[in-house]
Amino acid sequence: MKKIAPSKRTENVRHALRDIVPIAQQVEKKGKKVIYLNIGDPMKFDYRTPEHMWKAMMDNKKEAEGYCNALGTDGARKAVANYANKSGAKGITMDDVMVTGGGSEAILMSLQALINPGENVLTPCPTYSIYTGEINFLEGKINEYYLNEEKNWQPDVDDIEKKINEKTKAIVLISPNNPTGSVMTKKTLQQIIDIAGAHDIFIYTDETYDQLLFDDEEFIPAASIAKDVPVVTTSSISKNYLAPGFRGGWLYKHDPQGALDDYFEAIKKLSRLRLGPVSPVQFAIEAALNGPQDHLKELVEKLQKRRDLTYKRLNEINGISCVKPKGAFYAYPSIELPIKSDKEFVLDLLEETGVLVVYGEGFGQKPGTHHFRIVFLPQEETLNEAFDKIEGYVKKKYS
Ligand SMILES: Cc1ncc(COP(=O)(O)O)c(C=O)c1O
């Protein structure tokens, strides 16, 4: 039979952190041990999903066996609304909330309901690549604003203002940020909200890591200070609640003047098209958000120690420098070595040492700069082994 052609629209869909895995598997096949520091999946390491989330699903077996409401169960939606109100996004009710298959599905449906060919939303550069991948798929235009490495990866507010055009529909914010680990300051956030308001566009804020903060860093949810500027917030139980495999996420709107009404209806239409989110997970979301939060203290303490080690070890390597991550579990060090591209650097590092990180090209960066993203989830022993290898590789190759 002749080969079936995939749609043209899939040609430009990339997701570097997953695309790199088959290459690592080839290296593994040749007999080399691979240290996977490419994917932000805590469950690959010494973390477990809080037990009460499993229990909530098991205790509701009968209710969880069928389809649930396309927008999620009332219980899960109320739990999200309550979480939003507690975080300062006042006035959110379950009618503003939609439960999705991880935050990923929320992001995909939000973009699908928004972008016509040729239109754009401003996305950070570097960014978590689901945004650019899906915008490419939708034949939208990629329109990126820079995060300033010299300013702890804060968004470049002037660049945002400059890049808005008549086809811009929203500004995407990711804080705490993947891949840089930065947390946006209140001042920067307020400036961006003001710009959005002045241009009649809305804020799309990805707050997936909002509980994973170091050094008593303050996190301000966009919806808590946006007043009349419309905000759509997405998050999930994947990271804060250590349950990426459950695929439980959500979005909610904060929209006092109803500017998002038609848009939200369109997202709802898409949610009905896929019948609904995973039913058992509704109970896990409810248990996660309403139940004990004890795991968070231990989780953040563990991550902060691993962050400290990562920051120290990376900056000790000649030719590598790293801004201190303030949240999430990623670092995005800069490579200041005579390399052609960071993709080549990362692939060669993998071949030579078995350490798998993700090349900066996969997230975006300023022209002429090179980076890689490293996940600091593993135990200190594994991290030290990886850093010894990276250090040894750089010394051998470049000194
Ligand atoms: C910034 C950001 N947003 C969204 C997601 C989606 O995660 P999930 O679909 O597991 O909720 C991720 C996952 O790594 C992420 O880093």
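Modeller: A helix here is a DSSP run of H or I with at least four residues, a strand is a run of E with at least two, and both are numbered from the N terminus. With that in hand, Gly-72 can be placed in the loop between helix 4 (61-64) and helix 5 (74-86). Residues are numbered from 1 along each chain as its sequence is written. The model is predicted, and local features need pLDDT of at least 70, side-chain atom pairs count only at pLDDT 80 or more, while totals for chains, interfaces and linings use all residues.

Biologist: Is Gly-72 buried or exposed?

Modeller: A residue is buried if 20 or more other C-beta atoms, placed from the backbone, lie within 10 Å of its own, exposed if 12 or fewer do, and partly exposed in between. Gly-72 is buried because 29 other C-beta atoms lie within 10 Å.

Biologist: Which residues is Gly-72 in contact with, leaving aside its neighbours within four places in sequence?

Modeller: Two residues are in contact if their C-beta atoms, again placed from the backbone, lie within 7 Å. By that rule, Gly-72 touches Arg-77, Met-98, Val-99, Pro-277 and Gln-282. As for Leu-212, its C-alpha atom is separated from that of Gly-72 by 25 Å, with their positions 140 residues apart along the chain.

Biologist: How many helices and strands does the chain have?

Modeller: The chain has 15 helices and 15 strands. Its radius of gyration, taken over C-alpha atoms, is judged by the globule rule, 2.2 Å times the number of residues to the power 0.38. The chain's value is 21 Å, close to the 21 Å that the rule gives for 399 residues, so the chain is as compact as a globular protein of that length. Of those 399 residues, 48% are buried. Contacts between residues at least 6 apart in sequence join residues at least 24 apart in 73% of cases.

Biologist: How do helix 2 and helix 14 pack?

Modeller: Two packed helices are described by the angle between their axes and the distance between the axes. Axes are lines fitted to C-alpha atoms, for helices over the stretch in contact, and angles run from 0 to 180 degrees between N-to-C directions. Helix 2 (residues 21-29) and helix 14 (residues 342-353) pack at about 25 degrees, with axes 9 Å apart. Helix 2 is therefore roughly parallel to helix 14, as angles under 35 degrees count as roughly parallel, over 145 as roughly antiparallel, 65 to 115 as roughly perpendicular and the rest as oblique.

Biologist: Which residues make the contact?

Modeller: Helix 2 supplies Ile-23, Ala-24 and Val-27, and helix 14 supplies Leu-347, Leu-350 and Glu-351.

Biologist: Where does a cis peptide bond lie?

Modeller: One is the bond from Cys-125 to Pro-126, with omega near 5 degrees. Pro-126 sits in the loop between strand 3 (120-125) and helix 7 (130-137). The bond from Ser-175 to Pro-176 is also cis, with omega near -10 degrees. Pro-176 lies in the loop between strand 6 (168-174) and helix 9 (186-198).

Biologist: What is the phi of Glu-139?

Modeller: Glu-139 has a positive phi of about 60 degrees, although it is not a glycine. Glu-139 is in the loop between helix 7 and strand 4 (143-148). Its 14 C-beta neighbours inside 10 Å make it partly exposed. Lys-227, likewise not a glycine, has a positive phi near 50 degrees. Lys-227 counts as exposed because it has 12 C-beta neighbours inside 10 Å.
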